[in-house]
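Good morning, and thank you for coming. I would like to take you through one structure today, beginning with a single residue and ending with the overall fold.

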Amino acid sequence: MVRILILGGSWFVGRAVVADAIGRGWEVTLFNRGRSAGAPEGPLHVRGDWERAADLARLAAHGPWDVVVDVAGAVPAVVRNVARALASAAERYVFMSTISVYRDWPYQPVDESSPLWDGDPDLDPGTRRWDPDAYGPLKVGCELAIRREFGDRALFIRPHVILGPGEYVGRLPWWLNRISRGGHVLAPAPPGRAIQPVDVRDVARFTLDMIATNATGPFNVAAPIGRDTFGGLLHACREVTGSTAEFVWADEAWLAQQGVREWTEIPLWRTLPTAWAMNTDKARQAGLTCRSLQETAAATWHWLQGGGVPVAHERFAEHGISVEREAELVAACL
């Protein structure tokens, strides 16, 4: 039986990892502050703040573990302290990183050998607020801190955009809720624009599969390049919600001229085709499989309709165009 320590575990990716690990019969320990509602049932819970040395020392005393999975680390100095405290209590360290660690993304295709941002493993920026410009370099710093403490006993999962039940960033929930209201829905042409978001459950499954095979090093995780399209995503949302919405496909160059914000005001939209050019050959050769956008949309809608509420996060408010602004742009297209 695998003994696994999960740092966090009550939000989005963490909940999926916990559920999968329990389903495998693994012995799960969660370490978090216990402030998020709906903590998973079953695992051993150790309450504490990973920014407090005394709490980390108390956590380490609950070991040893075969592996620690860090789904939330984003401050290098904090991750450094965590990794240092657990270096003798866990055999391996798994870190949920991001495509944002790549310096050339979204302007160039990326694979695991692509150059990273400069990162400082000892940096503490002094704030815990979301900063999209600092996010990538901070995650690189976290990876460097883990490598320094765990060496080649570290596994880095670098996913592209993650969607699915529990999503708190608000991309797919926004599209589902908007399309469910019906009417004319503004959409960025061309509908055949390739995208490659990945389901949170597939990220969790692949991560635990790699733990089971003692894999180390970095792995990019996303749906296959060219399999899915923006139009396919929106049509999946319409089908699973039972909506009669009509899509108004506006030229993306025109949308940009109107000052519509890519990625946020129209969630998941980016004019750069290289934004969805993450090479995942290494992960697929290691066993990564990705379910369809239809399955992801259906599961997310079922979660929302069942009363699912995302964890409150400042990024949620960034996503989606206002009703008034959308109506103005649609009228200009018709």
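Let us begin with Ala299. Setting aside the neighbours within four places in sequence, Ala299 is in contact with Pro165 and Arg201. Please bear in mind that this is a predicted model. Ala299 lies in helix H10. Is Ala299 buried or exposed? Its relative accessibility is 18%, and because the cut-off for buried is under 20%, Ala299 counts as buried. As for another residue in this region of the model, the C-alpha atoms of Ala299 and Asp202 are separated by 13 Å, with their positions 97 residues apart along the chain.

Helix H10 also brings us to the internal cavity. How many cavities of 30 Å³ or more are there? The count comes to one, and the volume of the largest cavity is about 40 Å³. Two elements each give two or more residues to its lining: strand E10, residues 198–199, and helix H10, residues 293–305. From the strand, the lining includes Val198 and Asp199. From the helix, it includes Leu293 and Thr296. The lining also takes in Leu163, Pro197, Arg227, Arg291 and Ser292. By character, the lining residues divide into four nonpolar, two polar and three charged.

I turn next to helix H5, which covers residues 171–180. Eight of its ten residues are buried, so the helix is largely enclosed by the rest of the structure. Which residues of H5 are buried? They are Arg171, Leu172, Pro173, Trp174, Trp175, Leu176, Arg178 and Ile179. Two arginines, Arg171 and Arg178, therefore appear in that buried set, where buried means under 20% relative accessible area. After H5 comes Gly182, which has a positive phi, near 80°.

Finally, the fold as a whole. The protein has eleven helices and 15 strands. Its C-alpha trace spans about 65 × 40 × 40 Å along the principal axes. For 334 residues, a compact globule would have a radius of gyration near 20 Å, and the value for the protein, 20 Å, agrees with this. Buried residues account for 53% of the 334 residues. Turning to contacts between residues at least 6 apart in sequence, 78% join residues at least 24 apart. The accessible surface comes to about 14,100 Å², and 50% of that surface belongs to carbon and sulfur atoms.

That concludes the presentation, and I welcome your questions.

Note on methods
Residues are numbered from 1 along each chain as its sequence is written. This is a predicted model: local features need pLDDT of at least 70, side-chain atom pairs count only at pLDDT 80 or more; totals for chains, interfaces and linings use all residues. Side-chain values use heavy atoms; hydrogens and water are left out. On a 1 Å grid over the protein atoms alone, a cavity is a set of points where a 1.4 Å probe fits but cannot get out, and a pocket is an open set with protein on both sides within 12 Å along at least five of seven lines; lining residues have an atom within 4 Å of a point. Grid points are joined across faces, edges and corners, and a volume is the space filled by probe spheres set on the points. Helices (H or I, at least four residues) and strands (E, at least two) are DSSP runs, numbered from the N terminus. Ala, Val, Leu, Ile, Met, Phe, Trp, Tyr, Cys and Pro count as nonpolar, Asp, Glu, Lys and Arg as charged, and the others, Gly among them, as polar. The radius of gyration is taken over C-alpha atoms; the globule rule is 2.2 Å times the number of residues to the power 0.38. Buried means under 20% relative accessible area, exposed over 50%, partly exposed in between (1.4 Å probe, protein chains only). Contact means heavy atoms within 4.5 Å. Accessible areas come from the Shrake-Rupley method with a 1.4 Å probe; for residues, only the protein chains shown count as cover.
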